Amino acid sequence: MTKSVTDVICPFCGTLCDDLEVVVSDDGKTIVDVYNACAIGAEKFMHAQASGRVTRPRMQQPDGSYKEVSYDEAVEYTAQMLAKSKKPLMYGWSSTSCEAQSVGHEIAEQVGAIVDNTATVCHGTTLLAVQDVGIPSCTLGEVKNRADRIIFWGCNPCHAHPRHMSRYSIFPRGFFTNKGHKNRKMIVVDPRNTDTAKMADIHFQIEQGRDYELLSALRVALRKEVLPDTVAGVPKEKIYEAAELLTSGRFGIIFFGMGVTQTLSKNHNIDEAIMLTKDLNEFTKFSIMAMRGHYNVTGSGQVLGWQFGYPFCVDLSRGFARYNPGETSSNDLLRRGEVDAVFVLGSDPGAHFPISSVKKISELPSVAVDPHITPTTEVAKLHVPVAFVGVEVGGNCYRMDNVPIDARKVVDPPEGVLTDEEFLTRVNKRVKELMEA
Amino acid sequence: MSEYLIKNGFVFDPVQGIKGDKADIAVKDGKIVKSSEISSKAKTIDAKGKSVMAGAVEIHAHIAGPKVNEGRNYRPEEKLFGYTPKKTGSRMAGGFSIPTTFKTGYEYARMGYTTAMEAAMPPLYARHVHEEIKDTPIIDEGAYPVFGNNWFVLEYLKNKEIENVAAYIAWLLTETKGYAVKIVNPGGTEAWGWGLNCISIHDPVPYFDVTPAQIVQGLLEANEYLGLPHSIHVHTNNLGNPGNYETTLDTFKLAEGYKAKNKFGREQVLHHTHVQFHSYGGDNWGNFESKSKEIMEYVNKHDNITIDLGQVTLDETTTMTADGPFEHHLTELNHLKWANVDVELETAAGIVPYIYSPNIKVCGIQWAIGLELALLAKDPMRTFITTDHPNAGPFTRYPRVMKWLMSEKARKDQIDAFKYSDKVVAATHLASLDRELTMYELAQMTRAGPAKALGLAHLYGGLKPGMDADIAIYDLNPEKPATPDEIEAAFSRARYVMKSGTPVVVDGEIVSHGNKRTLWVNAKVNENPQVVRDIKDKFLRYYSVNQANYKVANHFVPNPYIIEVDATQ
Ligand code: SF4
Ligand SMILES: [Zn+2]
């Protein structure tokens with residue numbers, strides 16, 4: 001006999017689907033099947049089951065081999081490392097719950113750490129742009145119920161957010177959009193001919209790195225002013241046409257991704273995209289939304305926001321919170337050699353950071369907390385395996401539109417394996433003792 | 001638990017009618033008791049030469065939730081100064097108009113405020129609101145879910161289905177762990193879904209074909225049908241526009257003929273918030289003028305209405321409201337950064353920084369209007385001090401507002417400091433008002449009044465035996481006249497504050513995180529299969545989350561104070 005858990009939240013991407021059905025064995029220990037998820041989401045659940053999973057902390061030995069240690073020893077090592085360090089970096093936080101983040105921040109406050117999340121290599125530029133010019137946005141349900149003009153700019157949801165289009169943006173029939181995708185015009189801006197681009201009514205295959213120019217040109221076109229013959233490789237007639245299409249809709253939205261946040265001009269691209277959105281509100285209703293990657297990177301920004309007032313790159317090392325991306329951002333700190341210990345939880349910088357940063361991590365006292373063996377755990381001095389958030393333990397998460405959804409537990413973690421929150425709570429207690437001593 | 005005796009203070013307590021007499025206040029097990037009920041072991045606190053009041057009650061502030069946090073995150077510039085480090089027993093704390101959650105709790109407590117209501121909770125984001133409330137130390141809090149643009153409400157009220165609205169309210173309060181029925185720009189915020197607005201209370205809402213007037217009146221009736229502790233809490237249409245006082249009066253009139261029905265001692269059926277923003281005459285910014293007299297004449301005559309001020313404090317601040325179209329209008333006026341979120345089926349919110357400059361005539365007039373409302377109020381039990389934090393200014397400026405209300409000289413000094421004093425004086429009545437609020441009236445406007453309007457008079461707002469031991473002691477001796485600046489200083493840093501019998505502030509400093517509670521209302525209604533079906537249907541078809549993932553679980557509210565309401569019959 002099996003049983004089925006419904007309304008399960010997928011802890012993979014920022015789409016944060018909450019309609020999964022997971023079939024588990026009668027004893028509640030193994031996942032048999034996952035319904036409604038996309039392939040990558042389902043994989044996340046099945047991966048929790050993979051054999052050979054590490055279930056006890058492992059300490060790297062001088063010869064590169066690993067020695068199993070107890071959680072007590074792991075807590076002690078982590079607490080000692082953080083308490084002794086003058087300026088530790090506590091990085092990640094995007095693939096864990098808000099509850100765990102909150103405990104992490106308490107530790108960081110005591111030891112004077114820098115807390116940074118994966119936005120630092122992803123949508124951090126978006127956060128900067130929002131600080132410059134604000135952001136008119138909406139929830140994904142508004143898109144489903146009202147939107148008839150959809151732009152995907154520098155993102156490829158077919159692969160990165162596979163259920164985005166079916167749940168929210170292109171296909172669903174909503175209250176004012178009862179014909180589904182027939183109600184909607186889809187524009188894709190991408191130098192590559194992606195699978196998403198192939199579905200578009202209009203695909204602007206722009207010259208690489210010319211996003212800022214095309215965004216500006218659209219703003220010019222809205223004002224019906226003069227454009228050069230081509231902008232970013234797009235003929236001006238097409239740009240005027242697109243402006244016409246956007247203003248003739250009732251409710252539009254721009255979704256954008258890493259193709260525009262981490263390419264030439266970075267945050268200035270997003271400034272311009274937001275200002276285009278603002279301009280469009282002179283004609284009709286328009287919103288803009290970042291396609292956030294990790295399922296709870298948004299939550300990390302939220303918890304940091306209410307506790308310290310900044311969404312990433314938060315430097316607590318001086319006893320009060322400072323924020324200065326470029327100075328207090330993980331890669332800048334690592335490459336300048338400004339941090340003397342590294343704690344990673346809920347991310348894999350070993351795979352996503354430049355090699356120069358990863359080298360620095362490998363040279364420092366370091367702890368990586370992760371259910372998997374990852375490139376980061378391979379360079380860290382201590383690897384602490386933990387339960388999968390959203391599979392083996394619940395916890396609050398924020399979707400890309402900032403809607404909070406409480407993730408569910410579907411199966412037990414392997415015998416004796418701690419959760420992020422449990423491990424952090426023990427470290428917090430020990431750090432308190434050490435700091436007071 | 002501990003016992004305390006607060007000795008020899010000058011007590012101001014509207015609940016018992018004590019107007020500055022010397023009296024001792026005894027505390028046992030978190031409650032106020034008769035002096036005879038405590039033992040000789042009670043700890044004595046000397047309040048000689050000081051004023052003693054109940055902890056103050058904030059009836060309307062934006063202090064927790066998605067728009068507040070967006071404000072924090074998109075204004076790093078706000079935190080460059082004034083960040084305070086971690087100390088033993090307290091966390092680091094920063095921010096000015098949108099302080100961090102820790103700072104919010106600490107600053108309220110330091111001023112002697114022990115309870116605060118978050119004024120606008122988007123139901124879909126309720127979990128976020130409660131996460132922040134959980135991280136706001138010391139003060140008891142509740143949150144008002146917004147109803148005035150909710151599709152269920154619009155559809156039921158189109159057909160005047162009051163019982164269905166009531167059943168839906170009961171359901172939503174429980175799902176979101178909410179406290180009261182908030183209405184913001186009724187209908188106008190739904191219209192904003194299309195970039196439109198409802199300016200008067202008779203403008204039909206696009207597609208839904210119901211008017212703001214019908215929404216307000218229907219929710220009022222449903223609120224009284226349920227007998228909730230608080231009345232409907234209204235921010236009407238047309239906020240911030242010259243000439244809007246007529247819309248405000250039209251809204252007040254919707255309450256005519258209704259009497260409060262509840263078991264909590266609440267007498268009003270409609271609370272209108274930040275009335276300053278709704279008391280404008282003229283038809284452009286040139287002939288903009290105060291209509292506070294017209295507004296207060298009405299309020300004074302109708303005792304089923306309460307109001308709060310929304311006093312402008314003349315600071316740089318951050319405006320934020322579920323009045324989406326208003327914030328868009330504001331960014332067009334001041335060109336500062338605009339954030340907006342439209343929330344499916346429910347509401348919207350906008351944020352724009354704003355600078356209330358003493359060098360701008362309109363700001364001076366707004367400042368005067370707020371004070372006029374308070375000074376023209378005949379019944380201080382029905383007019384409450386707020387800044388609609390952070391919209392007209394941060395709540396940390398309450399001591400300054402109190403100074404202006406208590407001192408004609410302080411007001412005159414401020415008027416003289418305006419760049420366009422003459423024009424401000426000509427467009428307002430303030431210069432001719434010599435009333436100075438007494439400590440007793442202040443206690444009515446900040447303690448007993450709001451507590452009663454919230455249906456919480458049994459817990460808060462007074463020092464009568466049986467009530468919660470929420471107590472503030474201020475360095476003000478009613479026998480010695482205080483200068484305006486001394487008034488402000490005394491209210492800024494209470495000498496001593498107790499929350500539910502636990503000392504939380506001593507000599508102006510935080511000594512404990514207390515034992516904060518979250519207040520919410522659990523209303524029971526008769527089974528209503530239609531509403532159950534409608535809810536299920538809306539989740540299946542229009543929401544972007546599943547119904548099973550909507551409810552705020554108990555663990556988000558670790559220390560609840562649940563108020564039970566039974567509307568089954
Ligand atoms: S789209 Fe994202 S959240 Fe949804 S099932 Fe796929 S991986 Fe999971
Ligand atoms: Zn308000």
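How many residues of domain 2 of chain A are in contact with domain 3 of chain A, and how many residues does domain 3 bring to that contact? I would like to start there, and then move outward to chain B and to the interface of the two chains, keeping in mind throughout that this is a predicted model.

Let me first lay out chain A, which is divided into domain 1, covering 2–47, domain 2, made of 58–120 together with 295–436, and domain 3, covering 124–290. To come back to the opening question, nine residues of domain 2 of chain A touch 12 residues of domain 3 of chain A. The centres of these two domains, taken over C-alpha atoms, are separated by 34 Å, and between them the domains bury about 870 Å², with 65% of that area on carbon and sulfur atoms. On the domain 2 side, A:Arg399, A:Met400 and A:Asp401 supply 54% of the area buried against domain 3 of chain A, which is more than any other three residues supply. As for specific pairings, the count of salt bridges between domain 2 and domain 3 of chain A is zero, while three residue pairs are in polar contact there, both partners being at pLDDT 80 or more. The side of domain 2 of chain A that touches domain 3 is made up of seven nonpolar and two charged residues, with no polar ones.

Staying with chain A for a moment, there is also a ligand to describe. Ligand 1 is surrounded by residues of chain A that include A:Cys10, A:Cys13, A:Cys17 and A:Cys38, along with others such as A:Phe12, A:Ile40, A:Pro162 and A:Arg163. Taken as a whole, the shell around ligand 1 holds nine nonpolar residues, two polar residues and one charged residue.

One salt bridge in chain A is also worth pointing out on the structure, namely the one that A:Asp279 forms with A:Arg219, where the closest N and O atoms are 2.6 Å apart. This pair links distant parts of the chain, since A:Asp279 sits in helix 12 of chain A, residues 267–280, and A:Arg219 sits in helix 9 of chain A, residues 211–222, with the two positions 60 residues apart.

Turning now to chain B, the domain assignment gives domain 1, made of 3–53 together with 463–510, and domain 2, covering 55–453. The centres of these domains, again taken over C-alpha atoms, are 29 Å apart, and the contact takes 30 residues from domain 1 of chain B and 27 residues from domain 2 of chain B. Together the two domains bury about 2400 Å², of which 67% lies on carbon and sulfur atoms, and B:Pro14, B:Phe491 and B:Ile510 supply 26% of the area that domain 1 of chain B buries against domain 2, more than any other three residues.

Between these two domains of chain B the count is seven salt bridges, and elsewhere in the description of this boundary we find nine residue pairs in polar contact, both at pLDDT 80 or more. Several elements of chain B each supply at least two residues of the domain 1 side, among them strand 1 (3–13), strand 2 (18–28) and helix 16 (484–492). The largest share of that side, six residues, comes from helix 16 of chain B, and the side as a whole divides into 18 nonpolar, four polar and eight charged residues.

Finally, we come to the interface of the two chains, where 55 residues of chain B meet 63 residues of chain A. Chain B and chain A bury about 5100 Å² between them, 51% of it on carbon and sulfur atoms. Three salt bridges are found across this interface, and A:Arg146 forms a salt bridge with B:Glu190, with the closest N and O atoms 2.9 Å apart. There are also 39 residue pairs in polar contact across the interface of chain B and chain A, both at pLDDT 80 or more.

Which elements, then, give two or more residues to the side of chain B that touches chain A? They are helix 1 (66–74), helix 2 (101–110), helix 3 (126–134), helix 4 (151–158), helix 10 (324–334) and strand 16 (338–343) of chain B. Strand 16 of chain B gives the most, with six residues, and this side of chain B divides into 25 nonpolar, 14 polar and 16 charged residues.

Terms used:
Residues are numbered from 1 along each chain as its sequence is written. Chains are lettered from A and ligands numbered from 1 in the order in which they are written. This is a predicted model: local features need pLDDT of at least 70, side-chain atom pairs count only at pLDDT 80 or more; totals for chains, interfaces and linings use all residues. Side-chain values use heavy atoms; hydrogens and water are left out. A residue is near a molecule or strand if one of its heavy atoms lies within 4 Å of it. Ala, Val, Leu, Ile, Met, Phe, Trp, Tyr, Cys and Pro count as nonpolar, Asp, Glu, Lys and Arg as charged, and the others, Gly among them, as polar. Domain bounds come from an automatic or database domain assignment. Contact means heavy atoms within 4.5 Å. Buried area is the accessible area (1.4 Å probe) that two parts lose on being put together, summed over both. A salt bridge is a side-chain nitrogen of Lys or Arg within 4 Å of a carboxyl oxygen of Asp or Glu. A polar contact is a pair of N or O atoms within 3.5 Å; within protein, one must be able to donate a hydrogen and the other to accept it, and residues adjacent in sequence count only if both atoms are side-chain atoms. Helices (H or I, at least four residues) and strands (E, at least two) are DSSP runs, numbered from the N terminus.
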